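This report goes through a protein chain for a reader who is new to structures. Please keep the sequence and the model in view while reading.

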Amino acid sequence: MEQRRRLPPERRGIIHHFNIGVICGYINVGLYCDGKPGEVFIIASKEGSTFRGLLDVVGILISLLLQHNIPLKKIADKLRNTNFQPNGMATGCNEIVSATSILDYVAHFLELRFPETTAATTTTTTLQKEKKKKKKKKERKRKGKRTNKE
């Protein structure tokens, strides 16, 4: 498992206000010195300790995944298109017109706000996979040559 990269005690951040249906909320994103996201807090106006508690847990999990260098794209892919209330028309970000849930909105917002993070990680991951494939191919060729010589 990847070593956890903790955020500095004092850091920059982004606070984003949004509305989905009748619910208003905030996404707070703590940033590393390089501008990459390292923690996420989701706060909604809906009453009820269960709903708020679940949003707290999702924020903690997203934060831990980011701090363990899990690509933002992978996280967002899992949250996108989750479907539960509140959902519907969204305001707060011009590029997001509607959301199937708060988690769908959060995922979409993070991908839009941090595109270089998702693109760079995807490229790195793709390059790593290609290198592994080439290495395996070379090993197979070497093994094939050894078998032919014997």
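The text below moves from the whole chain to its helices and then to single residues.

**Basis of the report**

This is a predicted model, in which local features need pLDDT of at least 70, side-chain atom pairs count only at pLDDT 80 or more, and totals for chains, interfaces and linings use all residues. Residues are numbered from 1 along each chain as its sequence is written, and side-chain values use heavy atoms, with hydrogens and water left out.

**The chain as a whole**

The chain has four helices and five strands. Helices (H or I, at least four residues) and strands (E, at least two) are DSSP runs, numbered from the N terminus. Along the sequence these elements come in the pattern β-β-β-α-α-β-β-α-α.

Of the 150 residues in the chain, 35% are buried. Buried means under 20% relative accessible area, exposed means over 50%, and partly exposed is in between, with a 1.4 Å probe and protein chains only. Contact means heavy atoms within 4.5 Å. Among the contacts in the chain with a separation of 6 or more, 47% are between residues 24 or more positions apart.

**Helix H2 between two partners**

Helix H2 (residues 72–79) packs against helix H3 (residues 102–113) at an angle of about 155°, and their axes are 8 Å apart. This makes H2 roughly antiparallel to H3. Axes are lines fitted to C-alpha atoms, for helices over the stretch in contact, and angles run from 0 to 180 degrees between N-to-C directions. Angles under 35 degrees count as roughly parallel, over 145 as roughly antiparallel, 65 to 115 as roughly perpendicular and the rest as oblique.

The crossing of H2 and H3 is left-handed. A crossing has this label if the near helix is turned anticlockwise from the far one by less than a right angle, and is right-handed if clockwise. On the H2 side, the contact is made by Leu72, Lys73, Ala76, Asp77 and Leu79, and on the H3 side by Leu103, Asp104, Ala107, Leu110 and Glu111. Sorted by class, the contact of H2 with H3 has six nonpolar, no polar and four charged residues. Here Ala, Val, Leu, Ile, Met, Phe, Trp, Tyr, Cys and Pro count as nonpolar, Asp, Glu, Lys and Arg as charged, and the others, Gly among them, as polar.

The axes of H1 and H2 cross at roughly 155° and come within 10 Å. H1 is therefore roughly antiparallel to H2. H1 passes H2 in a right-handed crossing. Ile62, Leu65 and Leu66 of H1 meet Leu72, Ile75 and Leu79 of H2 in this contact. Its residues divide into six nonpolar, no polar and no charged.

**Helix H3**

How far apart are the end C-alpha atoms of H3? They are 16 Å apart, which agrees with the 16 Å that its 12 residues should span at 1.5 Å a residue. The expected span is 1.5 Å times one less than the number of residues.

H3 is largely enclosed by the rest of the structure, because 10 of its 12 residues are buried. Among the buried residues of H3 are Tyr105, Val106, His108 and Phe109.

**Residues in the loops**

Most residues other than glycine have a negative phi, and most peptide bonds are trans. Two asparagines have a positive phi, as the table shows.

| Residue | Phi | Loop | Relative accessible area |
|---|---|---|---|
| Asn69 | near 65° | between H1 and H2 | 54%, exposed |
| Asn81 | near 65° | between H2 and E4 | 59%, exposed |

The peptide bond from Gln85 to Pro86 is cis, with omega near -5°. Pro86 is placed in the loop between H2 and strand E4 (88–91).

Lys46 lies in the loop between strand E3 (37–44) and H1. With a relative accessible area of 34%, Lys46 is partly exposed. Lys46 and Ile23 are 23 residues apart in sequence, and their C-alpha atoms are 6.3 Å apart in space. Not counting residues up to four places away in sequence, Lys46 touches Ile23, Phe51 and Arg52.

**A serine in H1**

Is Ser63 of helix H1 (residues 49–67) buried or exposed? Ser63 counts as buried, at 7% relative accessibility. Leaving aside neighbours within four places in sequence, Ser63 is in contact with Gly38, Glu39 and Val40.
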